[in-house]
Amino acid sequence: MPDGKSTPARAGTTLLEAARRAKVHIRTRCAGKAACLMCKVCIDPDAQTGLQPMNANERNKLGGLQEQGYRLACQAKANGQAPVIVTVPEDPLKSAVRKLLDQQQEEDW
Ligand code: FES
């Protein structure tokens, strides 16, 4: 989400690997070492059963964000037992540009 793309993923496949296979861009800076936190994605609470439990590193990095449904795409692994619905947050730069355009459009009216 939000593009509605999907891909099959074997148990042990990270969400980052699955996203790349589905040609969904997820920002990273640390090459999947759980250091940059740029790969945060939001998981549908009803679809958490399709993921393996968080490892200690991911849990420590996410802190309170895990209660809001966030996982690190480079660390979260499919368990192969249920589908997972992943929402990739909008790129912050795109978001800022979109807000400015929306503001400008409102002012023009
Ligand atoms: S890619 Fe950097 S934390 Fe996941």
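Here are four short exercises, with worked solutions, on the predicted model shown above.

**Exercise 1: The overall layout**

Work out how many helices and strands the protein has, and which pattern they follow along the sequence.

*Solution.* Start by counting: the protein has three helices and three strands. Next, walk along the sequence, and the pattern reads α-β-α-β-β-α. For the dimensions, the C-alpha trace spans about 50 × 30 × 25 Å along its principal axes. Then turn to the contacts between residues at least 6 apart in sequence: 66% of them join residues at least 24 apart. Finally, consider burial: of the 109 residues, 29% count as buried.

**Exercise 2: The largest nonpolar core**

Find which residues of the largest nonpolar core touch the most other members, and which element supplies its largest share.

*Solution.* The core holds 17 residues, and those touching the most other members are Leu 15, Ile 26, Cys 39, Val 41, Ile 43, Leu 72 and Ala 73. Now look at where the members come from: H1 and S1 each supply at least two residues of this core. The largest share, three residues, belongs to H1. To finish, zoom in on Val 41 and leave aside its neighbours within four places in sequence. Val 41 then contacts Leu 15, Ile 26, Gly 69, Tyr 70, Arg 71, Ala 73, Val 86, Thr 87, Val 88 and Pro 89.

**Exercise 3: The largest pocket**

Describe the volume of the largest pocket, and identify the residues closest to its centre.

*Solution.* Begin with the volume, which is about 1000 Å³. The lining takes in 38 residues, and Met 1, Val 24, Ile 26, Val 86 and Val 88 are the closest to the centre. Moving on to elements, helix H1 (15-21), strand S1 (40-43) and helix H3 (92-108) are those that give two or more residues to the lining. Among the elements, H1 gives the most, with three residues. Last, sort the lining by chemistry: 22 residues are nonpolar, eight are polar and eight are charged.

**Exercise 4: A loop asparagine**

Decide whether Asn 79 counts as buried or exposed, and list its contacts beyond its neighbours within four places in sequence.

*Solution.* First, place the residue: Asn 79 sits in the loop between strand S2 (70-72) and strand S3 (86-87). Its relative accessibility is 16%, and the cut-off for buried is under 20%, so Asn 79 counts as buried. Next come the contacts: leaving aside neighbours within four places in sequence, Asn 79 touches Ala 11, Thr 49, Gly 50, Leu 51 and Gln 52. As a last step, take Leu 51 from that list: its backbone oxygen lies 3.5 Å from a polar atom of the Asn 79 side chain.

Definitions and conventions: Residues numbered from 1 in each chain as written. Predicted model: local features only at pLDDT ≥ 70, side-chain atom pairs only at ≥ 80, totals over all residues. Heavy atoms only, no water. 1 Å grid on protein atoms, 1.4 Å probe; cavity = no way out; pocket = protein on both sides within 12 Å on 5 of 7 lines; lining within 4 Å. Points joined across faces, edges and corners; volume = space filled by probe spheres on them. Helix = DSSP H or I, 4+ residues; strand = E, 2+ residues; numbered from the N terminus. Nonpolar A, V, L, I, M, F, W, Y, C, P; charged D, E, K, R; others polar. Core = buried A, V, L, I, M, F, W, Y, C linked by side-chain atoms within 4.5 Å. Buried < 20%, exposed > 50% of the residue type's maximum accessible area, 1.4 Å probe, protein only. Contact = heavy atoms within 4.5 Å. Polar contact = N/O pair within 3.5 Å; in protein donor to acceptor, adjacent residues only side chain to side chain.
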